[in-house]
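Me: Please take a close look at one part of this model, and describe how its surroundings are built up before setting it within the chain as a whole.

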Amino acid sequence: MSTLLKYAGNKRKIMSEINPYLGDWVGVKRYVEPFAGALGSALNAAVPSHVDVHLSDVNEDIIELYEEVARDPQALQDAANALATDEASYYTIRALDRDPLWPSNHTRLQRAARTRPVPRRGYRNVLRCLTTGNDESDPACLSHAVPAS
């Protein structure tokens, strides 16, 4: 299954090789994906419907995006499509995390909507760490921990 984002470390293409190691799922009640990323593993892990899936990622922007997809995908799509797509707007959107008031002055939907267009125009279309501008695999991007629930 295709993923919403291109993401450094995405395992979508190799899940057919990983799935045999996941076993037959008999007696398994929970699948925990600590590195959700683009969801390549979770979407392609052949998890049976009786198994509860729990996703986590250190990148809170990714988690917020997926929560908004689950809550109201049409509203998210509309909000993302309303954003300008020219080069100057791309850099404006990418720079929003450098503004300390950005998160508190915008709704979850607005924050999630701006996460989606960034990869489409980023370097090789890979999701970039919005805070530092580095690839998500860069340790400097790991500064935003998702609070444990």
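**Tyrosine 66 and its surroundings**

Reply: In this predicted model, tyrosine 66 is in contact with Leu4, Leu5, Gly37, Ala38 and Leu39, once its neighbours within four places in sequence are left aside. Tyr66 is also listed, together with Leu5, Tyr31, Leu39, Leu65 and Leu76, among the residues with the most contacts inside the largest nonpolar core, a set of 17 residues. Helix H3, which spans residues 60–71, helix H4, which spans 73–81, and helix H7, which spans 108–115, each supply at least two residues of this core, and the largest contribution, three residues, is that of H3.

From Tyr31, one of the core residues named above, a polar contact leads to a charged type of side chain: the side chains of tyrosine 31 and glutamate 33 are joined at 2.7 Å. Glutamate 33 belongs to strand S1, residues 30–33, and its relative accessibility is 9%, which lies under the 20% limit, so that glutamate 33 counts as buried. The side chain of glutamate 33 also reaches the backbone nitrogen of phenylalanine 35, at a distance of 3.3 Å. Beyond its neighbours within four places in sequence, glutamate 33 is in contact with Ser41, Ala42, His54, Leu55 and Ser56.

Helix H5, residues 87–95, offers a separate view of how burial is arranged, its buried residues being Ser89, Tyr90, Ile93 and Arg94. These four cover an arc of only 135° around the axis, and therefore they sit on the same side of H5. An α-helix has 3.6 residues a turn, so residues three or four places apart point the same way. On the other side of H5, Ala88 and Thr92 are exposed. The N-terminal end of this helix is capped by aspartate 86, of which a side-chain oxygen lies 3.3 Å from the backbone nitrogen of alanine 88.

As for the chain as a whole, the secondary structure comes to eight helices and two strands, which follow one another along the sequence in the pattern α-β-α-β-α-α-α-α-α-α. Of the 149 residues, 34% count as buried, and the protein exposes about 8,900 Å², of which carbon and sulfur atoms supply 55%. Among contacts between residues at least 6 apart in sequence, 57% join residues at least 24 apart.

Terms used: Residues numbered from 1 in each chain as written. Predicted model: local features only at pLDDT ≥ 70, side-chain atom pairs only at ≥ 80, totals over all residues. Heavy atoms only, no water. Core = buried A, V, L, I, M, F, W, Y, C linked by side-chain atoms within 4.5 Å. Buried < 20%, exposed > 50% of the residue type's maximum accessible area, 1.4 Å probe, protein only. Contact = heavy atoms within 4.5 Å. Polar contact = N/O pair within 3.5 Å; in protein donor to acceptor, adjacent residues only side chain to side chain. Arc of directions from axis to C-beta. Areas by Shrake-Rupley, 256 points an atom, 1.4 Å probe, with all protein chains shown as cover.
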